[in-house]
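Visitor: Hey, can you walk me through this one? I'd like to start with a single residue and work outwards.

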Amino acid sequence: GPKELRAVARAFNDMVATLVANLAAQRDFLANASHQLRTPLTGLKLRLEALREQGGDVGAQAAKAETELDRLTVLVDGLLELARATSVDATGRTVDLSEAARAAVRRWTEPAEQAGKRVLLVREERSEVWGNSTDLAHILDNLIENALRYCPPGTEVTVEAAEDDGRASLRVIDDGPGIPPEDRARIFERFYRGSNGRQAGPGTGLGLAIVAELARRWGGDVRLLEGPGTRVEASFPASSTNP
């Protein structure tokens with residue numbers, strides 16, 4: 001093409017290359033920093049536990065510091081999980097989403113009951129995808145945990161596995177208050193916590209971002225569905241449509 005277009009194309013390619021390099025450096029920093037933080041956090045936890053056992057004012061202050069340390073540990077664990085979700089070295093195989101859904105409901109039935117809520121499997125069509133069973137378990141765990149955390153006692157959380165039009169889907173639906181309209185467009189952003197999240201207490205704002213990254217890793221996506229309560233769907237190409 002013309003000289004001017006060639007110059008624009010080169011500049012655009014340079015910009016893309018720089019952006020890709022910056023994103024890769026950011027991912028590496030996130031993973032390395034999170035790994036490096038684990039060891040000192042563990043040592044600090046042990047020292048605070050020893051101080052807490054002494055009792056008195058020192059013990060009380062150590063207990064408060066330990067609470068803050070636990071919050072920091074949750075954040076570091078979330079960052080590590082996010083770093084793993086954005087890596088590309090996972091091994092895939094054919095996975096049945098209905099089996100993943102059944103296993104998730106079994107894991108969460110007792111914790112839900114202890115909180116005065118219910119987790120039910122209402123649809124379990126056999127739907128196979130190319131993926132990783134651990135990643136799918138993380139997706140379901142994050143979605144179910146979010147639903148249980150942000151909904152009041154008496155809430156019912158339902159899990160579905162289905163296949164329609166060449167797409168296999170996992171859906172987690174609750175009959176709670178739902179997500180305010182002003183928050184819906186941003187809930188899959190990293191560290192974003194909407195009004196419901198802030199009212200629920202401390203959190204990292206990483207759960208749904210991790211879900212989105214894990215879904216994309218296997219060619220899928222995640223979205224909010226319309227309807228009462230909160231309805232989240234993670235969908236993937238059915239294994240029959242994969243090469």
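Visitor: Which residues does Leu140 touch, leaving out those up to four places away in sequence?
Guide: In this predicted model, Leu140 is in contact with Ala100, Ala101, Ala104, Val159, Leu170 and Val172.

Visitor: Okay, and where does Leu140 lie?
Guide: Leu140 is part of helix 4.

Visitor: Is Leu140 buried or exposed?
Guide: Leu140 is buried, because its relative accessible area is 0% and buried means under 20%.

Visitor: How far apart in space are Leu140 and Val211?
Guide: From C-alpha to C-alpha they are 8.3 Å apart, while in sequence 71 residues separate Leu140 and Val211.

Visitor: Let's zoom out. How many residues does the largest nonpolar core have?
Guide: It has 40 residues, and among those with the most contacts inside it are Val119, Val159 and Phe236. Helices and strands both feed into this core: helix 3 (97-114), helix 4 (133-150), strand 4 (156-164) and strand 5 (167-174) are among the elements that each supply at least two residues. Apart from that core lies another one, of six residues, including Leu41 and Val76.

Visitor: You mentioned Val119. What does Val119 touch?
Guide: Setting aside residues up to four places away in sequence, Val119 touches Val105, Trp108, Thr109, Ala112, Ile144, Leu148, Val157 and Val159.

Visitor: Now the outside. Which residues make the nonpolar surface patch of about 370 Å²?
Guide: Phe12, Met15, Val16 and Val20 make that patch. Met15 sits in helix 1, which covers residues 3-52.

Visitor: Why is Met15 called partly exposed?
Guide: Because its relative accessible area is 48%, and partly exposed is what falls between 20% and 50%.

How values were computed. Residues are numbered from 1 along each chain as its sequence is written. This is a predicted model: local features need pLDDT of at least 70, side-chain atom pairs count only at pLDDT 80 or more; totals for chains, interfaces and linings use all residues. Side-chain values use heavy atoms; hydrogens and water are left out. Patches are made of residues with over 30% relative accessible area and no salt bridge: like charges are joined within 9 Å, nonpolar side chains (Val, Leu, Ile, Met, Phe, Trp, Tyr) within 5 Å. Accessible areas come from the Shrake-Rupley method with a 1.4 Å probe; for residues, only the protein chains shown count as cover. A salt bridge is a side-chain nitrogen of Lys or Arg within 4 Å of a carboxyl oxygen of Asp or Glu. Helices (H or I, at least four residues) and strands (E, at least two) are DSSP runs, numbered from the N terminus. Buried means under 20% relative accessible area, exposed over 50%, partly exposed in between (1.4 Å probe, protein chains only). A nonpolar core is a set of buried Ala, Val, Leu, Ile, Met, Phe, Trp, Tyr and Cys residues joined through side-chain atoms within 4.5 Å. Contact means heavy atoms within 4.5 Å.
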